[in-house]
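I opened a fresh page for this one and kept my notes in the order I looked things up. Pull up a chair and read along.

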Amino acid sequence: MYLIAICVVGAIVLIVGIVRMKQLRNRRELENYSIDAEELHRLLESKRDIVILDVRQPLDLLAHSEIIPGAKRIAPKEVMEQAEMIPRDKDSVLYCTCVSEKTSRLVLENALNLHFSRIKFLKGGLAAWKEKGYPVEPYTTPFHLDTAS
């Protein structure tokens, strides 16, 4: 009886370990598609044609009603359902306010699976941008407070 319990616990630990290793590997791979606030600011200052997409969840936008100047607000749900909202012919940068960049990473991963290649996420999101003292502007466009992900 104890042997069976030990084997079951061992199998569970092994499965959890494998899943965690895969998550960490995927996270590291996505780092290749990141940009920091300084680099994004330099690109914008050089007048480079770049699309900035604010992909925050509606409740996050409600809590922090500001946006990077020139950014286009797109609900993550919409982007996931309609990937054509992301231009294929221009460099794009996604950002959110999740500490782990969860929303940006999910949208990025979906875009990469659909063979988008000119897309990155902003490391640290809006908080990193603001921490550097870069400008934000009030977000005043009405939006639907859809809390379903």
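Here are my entries, from the whole chain down to single residues.

**Confidence**

I began with the confidence values, since this is a predicted model. The average pLDDT over the chain is 84, and 82% of the residues reach at least 70. I then asked which element has the lowest mean pLDDT and which the highest. Helix 1, residues 2-30, is at the bottom with a mean of 65, while strand 3, residues 66-67, is at the top with 96.

**Overall layout**

Next I looked up the secondary structure and found six helices and seven strands. Going along the sequence, I noted the order α-β-α-β-α-β-β-α-β-α-β-α-β.

The chain has 149 residues, of which 34% are buried. For the surface I wrote down an exposed area of about 9400 Å², with carbon and sulfur atoms supplying 58% of it. I also checked the contacts with a sequence separation of 6 or more: 71% of them join residues 24 or more positions apart.

**Strand 1 and its partners**

I picked strand 1, residues 34-35, to see such contacts at the level of residues. S34 is in this strand, and I35 is there too.

Is S34 buried or exposed? It counts as buried, because its relative accessibility of 16% falls under the 20% limit. I35 is buried as well, with a relative accessible area of 3%.

Leaving aside residues up to four places away in sequence, I found S34 touching K120, F121 and K123. With that exclusion too, I35 touches L40, L43, V93, K120, F121, L122 and K123. I took the I35 and F121 pair for a distance check: they are 86 residues apart along the chain, and their C-alpha atoms are separated by 6.1 Å. F121 also turns up among the contacts of S34, so my notes on strand 1 keep leading back to strand 6, residues 119-122.

**Helix 5 and what comes after**

Helix 5 covers residues 102-113, twelve in number. From first C-alpha to last it reaches 16 Å, close to the 16 Å expected at 1.5 Å a residue. Which of its residues are buried? I listed T103, S104, R105, V107, L108, N110, A111 and L112.

Just after this helix I stopped at H115, which takes a positive phi of about 70°. Most residues other than glycine have a negative phi. H115 is not a glycine, which is why I gave it a line of its own. It lies in the loop between helix 5 and strand 6, and it counts as exposed at 67% relative accessibility. I also noted that H115 and R88 are 27 residues apart in sequence and 9.2 Å apart in space, C-alpha to C-alpha.

**A second positive phi**

K47 is another non-glycine residue with a positive phi, here about 65°. I located K47 in the loop between helix 2 (37-45) and strand 2 (50-54). With 72% relative accessibility, K47 counts as exposed.

**Rings and charges**

I then searched for aromatic pairs, and the count came to one. The rings of W129 and Y134 have their centres 4.8 Å apart, and their planes meet at 55°. Why tilted rather than stacked or edge-to-face? Stacked needs under 30 degrees and edge-to-face over 60, so an angle of 55° leaves the pair as tilted.

Both members are buried, W129 with a relative accessible area of 1% and Y134 with 17%.

R88 came back in this search. Its charged end sits over the ring of F116, 3.9 Å from the ring centre.

**Helix 4, a last stop**

My final look was at K77, in helix 4, residues 76-81. Its relative accessibility is 35%, so K77 counts as partly exposed. K77 and R56 are 21 residues apart in sequence, with 9.8 Å between their C-alpha atoms.

Technical notes:
Residues are numbered from 1 along each chain as its sequence is written. This is a predicted model: local features need pLDDT of at least 70, side-chain atom pairs count only at pLDDT 80 or more; totals for chains, interfaces and linings use all residues. Side-chain values use heavy atoms; hydrogens and water are left out. pLDDT is the predictor's confidence in each residue, from 0 to 100. Helices (H or I, at least four residues) and strands (E, at least two) are DSSP runs, numbered from the N terminus. Rings of Phe, Tyr and Trp (its six-membered ring) pair if their centres lie within 6.5 Å; planes under 30 degrees apart count as stacked, over 60 as edge-to-face and the rest as tilted. Buried means under 20% relative accessible area, exposed over 50%, partly exposed in between (1.4 Å probe, protein chains only). A charge sits over a ring if NZ of Lys or CZ of Arg is within 6 Å of the ring centre and within 35 degrees of the ring normal. Contact means heavy atoms within 4.5 Å. Accessible areas come from the Shrake-Rupley method with a 1.4 Å probe; for residues, only the protein chains shown count as cover. The expected span of a helix is 1.5 Å times one less than its number of residues.
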